[in-house]
Amino acid sequence: MKRLCFLITIFIWCCSDSLLFGQQIPSFTLEEAIQYALTNNYGIRNSQTDVTISKKKVQEMTAIGLPQISASASYTNFLELPTSLIPGEFLQQPAGTFVEIQFGTPHNAEGNITLSQLIFDGSYLIGLKASRVYVDMSKTLLHKNQIQLREDISSAYYNVIILEESKKIADSTLATLKQMLFEVQETFKSGFIENTDVDQIELLVQDLETGVLNINKQLDIAYNYLKFTMGMKISQLIKLSDNISTLIQNMNESILLDSPFDFTQNVDYRAIQTQQVLKTMNMKVKRAAYMPSLAGYISLSENAQRTSFNFFTANEPWFRTSQFGISLSIPILSSGMRNAALQQAKLEVDKVMVLDEQVKEGLLLEYSTARSNFQNALQVYTNKKRSTDIAYKIYTKTLLKYREGVASSMDIQQSYNQYLTSLTTLFGSMRELLAAKSTLEKVLTKN
């Protein structure tokens with residue numbers, strides 16, 4: 001039995017192992033991750049649907065002004081015919097009496113078809129134009145969401161690769177410290193150093209092992225957030241092919257800093273302009289409410305009244321009715337309701353004009369701030385990189401001196417902490433530099 005269980009376990013392990021190796025993990029550069037997200041991100045998919053909905057709205061509005069045909073059919077079965085009372089004098093009965101009479105037939109059917117056409121309606125014509133502007137508005141919002149998504153994906157991507165780099169350095173440093181701990185323990189066994197020196201190195205190893213565990217947890221969270229933002233299932237495994245050094249080296253800061261900024265090409269300003277057009281059209285719709293509307297129709301109907309249900313029997317009579325009509329509606333008095341609605345629409349236009357000025361100045365401020373932050377982040381990164389190189393140089397020299405017996409374990413701990421602090425601030429400056437770059441690119445993106 002034990003042997004059977006062992007064989008089953010081996011079989012399952014082999015199958016899972018082959019499946020694992022058979023599964024190809026997709027790899028993404030930053031640009032590939034952005035392109036994947038532009039197709040699969042949940043918000044973008046809904047924004048694309050909004051564009052389609054707005055186009056359908058235009059079709060709906062257009063159809064309102066086109067001929068409309070409707071048909072109806074009805075059947076009524078009087079289980080008990082209504083009874084009317086007729087004064088008895090009408091039927092030569094004594095005065096003051098009433099005679100009960102039932103009119104109609106128990107089975108009645110009617111069919112009707114009507115053609116109607118809107119001839120003139122000022123609100124409809126303006127509403128039709130507004131629906132087309134609404135399509136432009138939904139496209140602008142889609143473009144705005146796409147620009148924001150590029151920044152979100154870039155930020156999530158940078159976070160992952162910075163953590164990957166941190167993990168790589170932490171693993172390398174941990175391996176070096178473990179080797180150092182082994183050497184120190186061997187030296188201690190020979191009686192050349194004190195137990196305190198072993199404890200110092202062992203303390204560094206334990207601290208770094210804890211740090212590696214924390215990095216691994218943060219890395220899992222960062223990967224999951226990136227996949228969620230891309231519109232990918234969290235359970236899907238992925239690899240990132242760009243690394244932090246390459247992205248920073250390929251960054252052309254002079255192009256970003258020298259690019260002219262035109263707020264009229266910014267998507268936020270374009271959105272405000274479109275909103276201004278919509279508000280103006282809404283005001284015109286309210287004004288058109290004072291105008292009359294005209295519509296016409298043609299209707300054809302047939303009905304039958306039978307004593308039994310024989311509507312499908314040939315040669316039984318159907319009675320036809322047809323009519324043509326024109327309907328003119330003239331607004332005369334609304335007790336101030338239309339005027340109040342028009343005044344509200346005018347005030348909404350005034351608000352958008354103020355918002356236009358606010359967005360214009362806000363974009364200029366945003367560009368100025370983003371450009372300044374990028375310059376500052378670039379300078380900070382340059383300084384931190386140089387500091388980290390120096391700290392690493394000091395750390396490796398201290399390790400060498402310790403092996404030669406001219407440095408103490410305290411010197412190693414001090415140089416290690418100095419290197420670790422420099423490394424942490426360097427990764428922080430990398431994150432801030434790339435985030436500042438994404439923000440500046442977003443502001444400079446033209447519609």
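## Ser138 and its helix

Let us start inside a helix. Ser138 is found in helix H4, which covers residues 122–189. The model shown here is a predicted one, and in it Ser138 has a relative accessible area of 8%. Because that value is under 20%, Ser138 counts as buried.

Which residues does Ser138 touch once its neighbours within four places in sequence are left aside? They are Asp50, Val51 and Ser54. These three partners belong to an earlier helix, since H3 takes in residues 42–64.

## The chain as a whole

Stepping back, the protein chain holds 10 helices and eight strands. Its radius of gyration is 40 Å, whereas the globule rule gives 22 Å for 447 residues, so the chain is more spread out than a compact globule. Along the principal axes, the C-alpha atoms fill a box of roughly 145 × 75 × 40 Å.

How much of the protein chain counts as buried? The share is 32% of the 447 residues. The chain exposes about 27,800 Å², and 57% of this area is supplied by carbon and sulfur atoms. If you take the contacts between residues at least 6 apart in sequence, 82% of them join residues at least 24 apart.

## A sheet of four strands

Now look for the open sheet, where four strands are arranged in the order S2-S5-S7-S8 with antiparallel pairing. Strand S2 (68–77) and strand S8 (319–329) are the edge strands, and each of them pairs on one side only. From one strand to the next, the twist averages 15 degrees.

What joins S2 to strand S5? There are 10 bridges between S2 and S5 (residues 107–120), and the two strands run antiparallel. A handy place to see this pairing is Asn77, which stands opposite His107 in S5.

## Aromatic pairs

A search of the whole structure finds 12 aromatic pairs. One of them is formed by Tyr42 and Phe228, whose rings are tilted, with 5.8 Å from centre to centre and 45 degrees between the planes. This pair links distant parts of the chain: Tyr42 sits in helix H3, Phe228 sits in helix H5 (residues 195–230), and their positions lie 186 residues apart in the count. Are these two rings buried or exposed? The answer falls in the middle: Tyr42 is partly exposed at 39% relative accessible area, and Phe228 is partly exposed at 46%.

Phe263 and Tyr269 give an edge-to-face pair, with 5.1 Å between the centres and 90 degrees between the planes. Tyr269 counts as buried, at 8% relative accessibility. Elsewhere, ring pairs link Tyr75, Phe309, Phe311, Phe312 and Trp318 into a cluster.

## Residues that meet across the sequence

Thr29 lies in the loop between strand S1 (27–28) and helix H2 (30–40). With a relative accessible area of 22%, Thr29 is partly exposed. Thr29 and Ser241 are 212 residues apart in sequence, yet their C-alpha atoms are 5.2 Å apart in space. Not counting residues up to four places away in sequence, Thr29 touches Tyr157, Ser241 and Asp242.

Asn417 has its place in helix H10, which spans residues 409–444. Asn417 counts as partly exposed, with 36% relative accessibility. The C-alpha atoms of Asn417 and Leu204 are separated by 9.3 Å, while the two residues are 213 apart along the chain.

## Two loops with a positive phi

Two loop residues are worth a visit. Gln92 is not a glycine, although its phi is positive, at about 60 degrees. Gln92 lies in the loop between strand S3 (83–87) and strand S4 (98–102). With a relative accessible area of 77%, Gln92 is exposed.

Where does Asn315 lie? Asn315 belongs to the loop between strand S7 (293–306) and S8. Asn315 has a positive phi of about 70 degrees, although it is not a glycine. Asn315 is exposed, and its relative accessible area is 80%.

Note on methods
Residues numbered from 1 in each chain as written. Predicted model: local features only at pLDDT ≥ 70, side-chain atom pairs only at ≥ 80, totals over all residues. Heavy atoms only, no water. Pairing = 2+ DSSP bridges. Axes fitted to C-alpha atoms, helices over the stretch in contact; angles between N-to-C directions. Rg over C-alpha atoms; globule rule 2.2 N^0.38 Å. Buried < 20%, exposed > 50% of the residue type's maximum accessible area, 1.4 Å probe, protein only. Contact = heavy atoms within 4.5 Å. Areas by Shrake-Rupley, 256 points an atom, 1.4 Å probe, with all protein chains shown as cover. Phe/Tyr/Trp six-rings, centres within 6.5 Å; stacked < 30°, edge-to-face > 60°.
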